[in-house]
Amino acid sequence: MPPRRCVVIGAGVIGASVAAALAASNMRVTLLDQDQPGRATSRWSFAWLNSNDKAPRPYHDLNHAGMKAWAELAPDLDGDAWYRPVGHVELATKDTAELEARVKRLTGWGYPARLVDAAEAAVLEPALRVPPDAAAAFFPGEGYLLTEPLIARLVAQAESLGADIRTGEPGRATGLEPGAAPRVRTAAGAVLEADDVVCCAGRWTPALAPALVTVPLIAWDTRGSAAPGLVVRVGPVTPPGPAMVVHTREISLRPHPGGLHLEAPDAADAVDLHTPEAELNRWAAELLRRARRTVRGLDDARVAELKVCVRPLPADGQSIVGRLPGAPGIYAAVTHSGVTLAAHLSRLITTDLTTGTPPAPLTPYTPARFLPHPAILYPERAEVPRPGTRTTSPPTRYAPARSRPRPGPYPR
């Protein structure tokens with residue numbers, strides 16, 4: 001039997017991981033990306049490795065397995081360059097009941113977590129400015145990834161195993177035709193036939209083909225959308241700066257080469273792709289002020305970069321992974337938790353494609369769960385964007401809504 005042919009669309013952390021795993025399983029892999037690998041959402045991800053608040057229990061278990069998968073992969077993929085299992089400290093000065101309840105739930109699920117007092121929090125992360133009345137929790141198994149060096153190594157591994165890597169116009173998918181032998185058309189005029197096409201294009205997934213409208217994402221390009229979030233990077237940091245992932249009610253931060261990566265829930269709520277530059281700069285300066293109140297080492301820091309990063313947000317907050325009903329040969333992998341899940345999902349997807357049987361951990365997350373929704377079965381009932389609103393896919397897409405439960409302010 002000749003090797004199966006697989007086209008992977010999107011070379012972020014999910015697509016690069018899937019391409020490397022499929023190539024290692026002796027598939028003939030073509031990896032497509034309209035930019036250089038890892039230069040889109042994955043580049044700006046908070047990249048927090050965690051299953052800290054990811055209910056229900058099966059989704060928690062999937063993410064916890066994702067954390068373990070990176071630990072297993074790191075020794076064979078130059079993990080010193082990108083793997084940072086440094087731990088996570090969370091501070092709460094008011095309404096500590098939620099933090100206490102979460103730690104209790106997580107420990108009951110076998111997840112490393114414990115409450116600590118202010119003094120111990122200061123010992124665990126010496127750069128922290130800990131209020132004396134603060135409650136805190138420590139999550140020793142968590143950490144973060146540096147996505148750019150990681151993705152570079154995944155793509156190099158896939159290429160060394162025979163994968164064909166196409167970027168720019170040759171890598172920009174412009175058409176997708178389901179079928180027994182699905183075909184992908186590129187901007188360079190190529191037509192790629194495959195046995196399977198795996199769509200790992202994040203927010204762009206529903207726009208690739210009409211069949212992919214059945215992957216319902218919260219609309220990201222309209223005013224008030226919950227999908228965009230503000231990312232701010234500051235530096236330099238005067239040693240000793242923070243080494244861990246740190247969360248408080250007003251700021252989320254982690255180390256980044258040359259400084260710190262900052263995000264905040266209210267900043268994410270306040271911005272979208274239409275926010276004026278002056279307002280973005282105001283928020284960036286505010287996040288730097290908050291970071292200075294939270295950790296030491298930022299006396300000389302300045303805002304180095306800021307970005308409105310658009311995150312793929314499945315409509316129900318859970319990952320979407322599996323074959324598309326009614327679209328033979330098309331497989332989707334879209335998630336807000338891409339960094340945590342990528343290594344584990346790539347193994348599960350490889351098993352699914354090579355055996356034809358979805359592994360049990362993927363069963364709750366297949367696109368088929370959305371079939372009863374009237375916006376899919378009856379497109380005429382779908383919400384239609386307001387006149388003048390820019391759209392990137394047919395009107396069956398979910399409309400933005402600030403009232404929807406918002407996930408964390410960072411791609412994870």
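# A walk through the predicted model

Val-116 touches Ala-121, Leu-124, Ala-135, Ala-136, Ala-137 and Phe-138, leaving aside residues up to four places away in sequence. That is a good place to start looking around this structure, which is a predicted model. Val-116 sits in strand β6, made of residues 114-116. Its relative accessible area is 7%, and because buried means under 20%, Val-116 counts as buried. One of its partners, Ala-135, is 19 residues away along the sequence, yet the two C-alpha atoms are 7.0 Å apart in space.

Now let us step back and take in the whole protein. Its secondary structure comes to nine helices and 20 strands. Along the principal axes, the C-alpha atoms fill a box of roughly 65 × 50 × 40 Å. How does the radius of gyration fit with a compact globule? A compact globule of 412 residues would have a radius near 22 Å, and the protein has 21 Å, so the two agree. Of these 412 residues, 54% count as buried.

The contacts tell you how the chain is brought together. Among contacts between residues at least 6 apart in sequence, 72% join residues at least 24 apart. On the outside, the accessible surface comes to about 16,700 Å², and carbon and sulfur atoms account for 54% of it. The protein carries 45 positive and 41 negative side chains, and the centres of these two sets lie 3 Å apart.

Before going further, it helps to know how confident the predictor is. The mean pLDDT is 89, and 90% of the residues reach 70 or more. Where should you take care? Over residues 373-412, pLDDT stays under 50, although the model has 93 contacts beyond four places in sequence for this stretch. Where pLDDT is low, the predicted coordinates should not be read in detail.

With that in mind, you can follow the chain from its start and stop at a few residues. Asn-26 is found in the loop between α1 (13-24) and β2 (28-33). Asn-26 has a positive phi of about 70° although it is not a glycine. With a relative accessible area of 61%, Asn-26 is exposed. Further along, Ala-47 lies in the loop between β2 and β3. Its phi is near 60°, again a positive value in a residue other than glycine. Is Ala-47 buried or exposed? Ala-47 has 0% relative accessibility, so it counts as buried. These angles are worth a pause because most residues other than glycine have a negative phi.

Peptide bonds offer another thing to look for. Most peptide bonds are trans. A cis peptide bond joins Ala-55 and Pro-56, with omega at about 0°. You will find Pro-56 in the loop between β3 (48-49) and α2 (57-73). Another cis bond joins Pro-239 and Pro-240, where omega is about -5°. Pro-240 belongs to the loop between β14 (228-235) and β15 (245-247).

Next, turn to two residues in helices. Lys-104 is in helix α3, which covers residues 97-108. Lys-104 counts as exposed because its relative accessibility is 66%. Which distance separates Lys-104 from Gly-162 in space? Their C-alpha atoms are 47 Å apart, while the two residues are 58 places apart in sequence. Thr-147 is in helix α5, residues 147-160. Here the relative accessible area is 6%, so Thr-147 is buried. Beyond four places in sequence, Thr-147 touches Ser-42, Arg-43, Ala-47 and Val-339. The Ala-47 in that list is the buried loop residue with the positive phi that you met earlier.

The last stop is Pro-367, in the loop between α8 (338-355) and α9 (374-377). Pro-367 is buried, with a relative accessible area of 2%. Which residues does Pro-367 touch, not counting those up to four places away in sequence? Its partners are Ile-320, Val-321, Gly-322, Arg-323, Leu-324 and Pro-325. Arg-323 is 44 residues away along the chain, and its C-alpha atom is separated from that of Pro-367 by 6.9 Å.

How values were computed
Residues numbered from 1 in each chain as written. Predicted model: local features only at pLDDT ≥ 70, side-chain atom pairs only at ≥ 80, totals over all residues. Heavy atoms only, no water. Helix = DSSP H or I, 4+ residues; strand = E, 2+ residues; numbered from the N terminus. Rg over C-alpha atoms; globule rule 2.2 N^0.38 Å. Buried < 20%, exposed > 50% of the residue type's maximum accessible area, 1.4 Å probe, protein only. Contact = heavy atoms within 4.5 Å. Areas by Shrake-Rupley, 256 points an atom, 1.4 Å probe, with all protein chains shown as cover. Lys, Arg positive; Asp, Glu negative; His and termini not counted. Charge placed at Lys NZ, Arg CZ, Asp CG, Glu CD. pLDDT = per-residue confidence, 0-100.
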